[in-house]
Structures are given as C-alpha cells and as structure tokens.
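User: Got a model open here and want to talk through packing and voids. Can you take me through it?

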Amino acid sequence: MPIEPGQRVLLSMQSPVVLAMHPTPFHSSNDAPPIFLSPPHMTGDEQLFIDEAFRTNWIAPLGPNVDAFEREFGETLHALPCCATSSGTAAIHLGLSLLGVGAGDFVLCSSFTFVASANPIRLLGAEPVFVDSEPDSWNMSPSALRRALEILSSAGKKPKAVLVVNLYGQSADYGSIRPICDEWNVPILEDAAESLGASCLGNPSGTFGDVAAFSFNGNKIITTSGGGMLAAPSAAQITRARFLATQAREVAPHYEHREAGFNYRMSNILAGVGRAQLRALGSRVAARREVFARYADALGSIPGVRFMPEPSWSHSTRWLTALTIDARLAGTTRDAVLSALTAQRIEARPTWKPMHLQPLFAGCDFFPHESGGATRDISARLFADGLCLPSGSSLTVTQQHRVITAITEVLCGNRVQL
Ligand SMILES: *Cc1c(COP(=O)(O)O)cnc(C)c1O
C-alpha cells in the first residue's frame with residue numbers, strides 16, 4: 001500500500017520472533033499478553049524516510065539520510081560534530097581509537113555497566129581498570145576516580161582515558177568528574193548509550209566527553225533497530241572517525257591504506273528511521289518519566305523499596321525505571337520479585353552485573369567508592385538488590401497497573417485494588 005506524506009503508518013511493536021514465542025489465542029487469564037522491558041516505539045513516520053531512500057535508490061551505506069541525521073542529532077547537542085555508526089559498541093571502539101588507546105595502555109572505566117562499554121578497551125589491546133559507583137546517581141564515583149588516579153600515578157601509571165557511563169537515562173556527575181580529569185589531564189569518553197535526552201547541570205548528556213558514544217539499539221530511548229553515533233567537540237576528530245569507520249581509505253584513485261580501519265558506518269535506510277525517531281525524542285523522555293512517576297507513587301512507600309535517585313544537578317530520562325529491594329526490610333528478595341513478574345509474563349531484569357565481578361574481567365583492578373567500611377562496594381550492592389521494570393514509552397497505564405499489582409502482591413502479600 002503506498003504511503004502518502006504525513007500518513008501515519010502503524011508498525012508492529014513486537015518482532016515476529018517474539019510473537020511466534022507466544023502463540024494466540026491465550027488459554028487462561030494467566031496467559032495475559034507479555035509486557036516487555038523496553039520495546040521499540042515507532043512514530044509511523046519512519047516509513048516515509050525509508051520509502052524516500054528506496055525511491056532514490058540510496059540503499060548503500062551513507063547517503064542523504066546519514067548526513068541529515070548527523071546534522072540533526074548534533075543540533076540537539078549544542079551543535080557538536082557527529083559521525084553515525086553501525087552500533088553504539090562501534091562508536092565506543094572508534095572513540096577510544098580517536099583518544100589513541102592502544103596496546104599496553106589502560107583505561108579507567110565505570111564498573112556498573114553493560115559489557116559493551118568495556119569490551120572495546122580489550123579489543124584495542126588495552127586493559128580496563130574499574131571504578132565503582134556512588135550512591136547518589138549510581139554512576140561513576142568521583143571519589144573512587146580521584147583515588148584511582150592518585151594511587152596509579154604514585155605507581156608511575158597514567159590512564160590513556162576515562163570511560164564514564166551514564167546509566168538508565170541518568171548522567172554521571174560531570175560537575176565533579178570533569179575537573180578531576182582536567183587536573184590529571186586525562187580525556188573522557190562519555191558512554192551516553194543509555195542517556196540520550198538527559199542533562200547534567202542543564203547541558204545535554206553527551207556534551208561532557210572529549211568524545212561521546214550513543215546507541216540506537218532496539219531497546220534504547222530511540223532506535224534505528226541497530227546503530228550508534230559518535231559526537232565530539234573537535235570537527236577534526238569526527239573527520240578522522242569517518243575515515244577510520246570506512247576502512248581508513250586514503251585519498252587516491254586506487255585503494256590505498258596506511259592504517260587498519262573499520263567498517264562501522266550507518267546505512268542510509270537506518271539513518272532514515274533515526275531521523276523520524278529523533279523528532280519524537282522529547283515526547284519519549286516525557287513518557288518514560290511519567291512511567292517512572294507512576295511506579296514511584298505506587299511502590300515508593302513499601303518498606304525496603306528504593307528508586308534510583310535523581311540528584312539536583314541531574315535531569316534523567318528514566319530510560320529504565322530501576323529500584324533496589326532490601327530483602328531485610330521488604331521480607332522478600334529481588335529474585336523473588338523477578339520470578340513473580342516472569343511468571344506473569346512481565347519482562348523485568350536485574351540491574352547490570354558490575355564488570356569487576358565478571359569472569360571476563362577477573363584480575364582487573366577495581367577502585368571502590370570508599371576504602372574500608374561496610375558499604376565500600378556500591379555497584380555490587382546495586383547489583384545484588386537492583387531491578388529494572390518495564391519502562392517503554394509505549395507502556396499503557398493498564399499494562400503498568402498489571403506490573404504494579406504483581407509487585408505489590410509479592411511484596412505486601414495481598415491483592416491490592418488499584
Ligand atoms: C546499549 C549499550 C551499549 C552498546 O550499544 P549497541 O548499540 O547495542 O552496540 C553500550 N553501552 C551501554 C551502557 C549500553 O547500554
């Protein structure tokens with residue numbers, strides 16, 4: 001069916017794979033339709049950009065949608081130069097390359113994160129040294145960072161970069177982290193894969209790093225199904241990123257190469273999806289914050305339940321609503337709540353398992369938030385007790401009440417009428 005300009009196209013929110021796993025009709029009331037953690041939320045306008053790409057035969061990687069997406073995306077970041085990539089992981093890999101990370105180097109990296117933050121460090125032949133979270137934002141602890149820099153420097157070691165992650169829609173505390181990194185003259189790679197649309201001290205997430213990486217994976221606040229973006233204040237760095245991302249091909253009529261590059265550029269079709277998604281970013285942030293507010297209203301006074309805090313300097317997107325359940329106060333463990341949700345076909349997830357606890361990074365150094373005392377390893381605690389709830393911008397109030405009822409039942413042991 002041809003699509004007229006401006007016509008809304010309803011695209012299925014659920015992938016065929018997911019539908020195939022849940023055959024209809026459902027047989028009992030326990031077989032309610034699944035509720036997903038963070039499903040893609042299409043505007044309907046994506047198809048117009050895709051059709052235009054097909055009509056003009058811009059199917060190859062690169063093309064007018066990529067150029068426009070980079071420009072429009074940069075405009076949301078105080079006009080930063082940008083390079084669209086095939087994934088967020090690719091953007092991190094490229095970003096670390098731009099900062100000169102290579103064999104024998106080490107990089108200070110947030111421990112409480114997804115593995116995609118840390119893998120590119122190893123891919124470049126460098127080693128990560130992990131830094132704990134602080135309790136106020138759940139992101140990199142400035143005091144642990146300072147201690148790491150002091151201790152390493154007294155051993156004659158200087159990190160090539162600090163990789164700071166902004167988790168669950170919330171920026172790290174760059175008001176503290178930036179001056180520390182400037183003092184030690186170490187560049188920052190800002191992993192903003194989860195924080196597009198957030199801000200710190202009134203400035204957009206992604207504008208605090210010497211380079212910043214974003215992700216448009218299917219579960220992120222906006223998606224191109226798969227894709228990423230690298231942003232940097234230096235236009236020369238972005239020019240070099242484009243060069244490295246297209247096989248590091250030298251200017252010559254033939255194929256001339258002096259260094260090893262990557263094939264990391266975004267396709268023109270997917271950039272079209274990104275352009276339509278970007279226009280909806282503001283409403284997506286508002287919707288996710290509303291989801292968070294409803295959870296916090298309904299569950300925030302249950303003993304032992306604590307929601308991820310939002311410090312005064314932060315404006316979070318609440319990409320995922322995250323909370324901790326203190327089993328001693330709640331009388332129920334995080335895992336029991338998780339099982340209860342899973343039994344009702346509600347997709348929830350434990351918070352990230354810190355990198356310093358992963359077998360992959362056994363033996364890597366780790367700097368806790370406080371040295372000594374009972375609360376030293378903050379990220380380990382946040383992992384032990386932490387839970388992420390369904391938080392999609394398309395989550396309906398009815399769906400959310402199902403989640404709230406399921407949690408209230410297991411935490412309060414009785415059926416609560418909402
Ligand atoms: C999603 C994510 C990435 C990786 O992005 P992809 O586009 O999936 O490669 C990196 N870091 C964090 C913190 C993420 O959540």
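Analyst: Sure. Helix 6 (residues 142-154) and helix 7 (residues 174-184) pack at an angle of about 10°, and their axes are 9 Å apart. Keep in mind that this is a predicted model.

User: Are helix 6 and helix 7 parallel or antiparallel, then?

Analyst: Roughly parallel, because angles under 35 degrees count that way. The crossing of helix 6 past helix 7 is right-handed.

User: Which residues make the contact?

Analyst: Helix 6 brings Pro 142, Leu 145, Arg 146, Leu 149, Glu 150 and Ser 153. Helix 7 brings Ser 176, Ile 177, Ile 180, Cys 181, Glu 183 and Trp 184. Split by class, the contact of helix 6 with helix 7 has seven nonpolar, two polar and three charged residues.

User: Next pair. At what angle do helix 2 and helix 9 cross?

Analyst: Roughly 150°. Helix 2 covers residues 46-55, helix 9 covers residues 268-279, and their axes come within 8 Å. The two helices are therefore roughly antiparallel to each other. Helix 2 passes helix 9 in a right-handed crossing.

User: What meets what between helix 2 and helix 9?

Analyst: From helix 2: Glu 46, Phe 49, Ile 50, Ala 53 and Phe 54. They meet Asn 268, Ile 269, Gly 272, Val 273, Arg 275, Ala 276, Gln 277 and Arg 279 in helix 9. That contact of helix 2 with helix 9 divides into seven nonpolar, three polar and three charged residues.

User: And how do helix 12 and helix 14 sit?

Analyst: Helix 12 (residues 334-343) and helix 14 (residues 397-412) have axes that come within 9 Å and cross at roughly 135°. That makes helix 12 oblique to helix 14. Their crossing is right-handed.

User: What classes of residue are in the contact of helix 12 with helix 14?

Analyst: Ala 336, Val 337, Ala 340 and Leu 341 in helix 12 meet Val 403, Ala 406, Ile 407, Val 410 and Leu 411 in helix 14. By class, the contact of helix 12 with helix 14 has nine nonpolar, no polar and no charged residues.

User: Switching to voids. How many cavities of 30 Å³ or more does the structure hold?

Analyst: One. The largest cavity has a volume of about 40 Å³.

User: What lines the largest cavity?

Analyst: Leu 299, Ile 302, Val 305, Leu 323, Ile 325, Val 337, Leu 387, Leu 389, Ile 407 and Leu 411. The lining has ten nonpolar residues, with no polar and no charged ones. Strand 12 (321-325), strand 15 (386-389) and helix 14 each supply at least two of the lining residues. Some names recur from before: Val 337, Ile 407 and Leu 411 line the cavity, and they also sit in the contact between helix 12 and helix 14.

User: Pockets now. How much space lies in the second largest one?

Analyst: About 500 Å³. It is lined by 22 residues, and the closest to its centre are Arg 306, Thr 324, Arg 381, Leu 382 and Asp 385.

User: Which elements give two or more residues to that lining?

Analyst: Strand 10 (305-307), strand 12, helix 11 (327-330) and helix 13 (378-385). Helix 13 gives the largest share, five residues.

User: How do the residues of the second largest pocket's lining divide by class?

Analyst: Ten nonpolar, four polar and eight charged. Compare the largest cavity, where the lining has no polar and no charged residues. Strand 12 contributes to both linings: at least two residues for the cavity, and two or more for the pocket.

Conventions
Residues numbered from 1 in each chain as written. Predicted model: local features only at pLDDT ≥ 70, side-chain atom pairs only at ≥ 80, totals over all residues. Heavy atoms only, no water. Axes fitted to C-alpha atoms, helices over the stretch in contact; angles between N-to-C directions. Helix = DSSP H or I, 4+ residues; strand = E, 2+ residues; numbered from the N terminus. Parallel < 35°, antiparallel > 145°, perpendicular 65-115°, else oblique. Left-handed = near helix turned anticlockwise from the far one by under 90°. Contact = heavy atoms within 4.5 Å. Nonpolar A, V, L, I, M, F, W, Y, C, P; charged D, E, K, R; others polar. 1 Å grid on protein atoms, 1.4 Å probe; cavity = no way out; pocket = protein on both sides within 12 Å on 5 of 7 lines; lining within 4 Å. Points joined across faces, edges and corners; volume = space filled by probe spheres on them.
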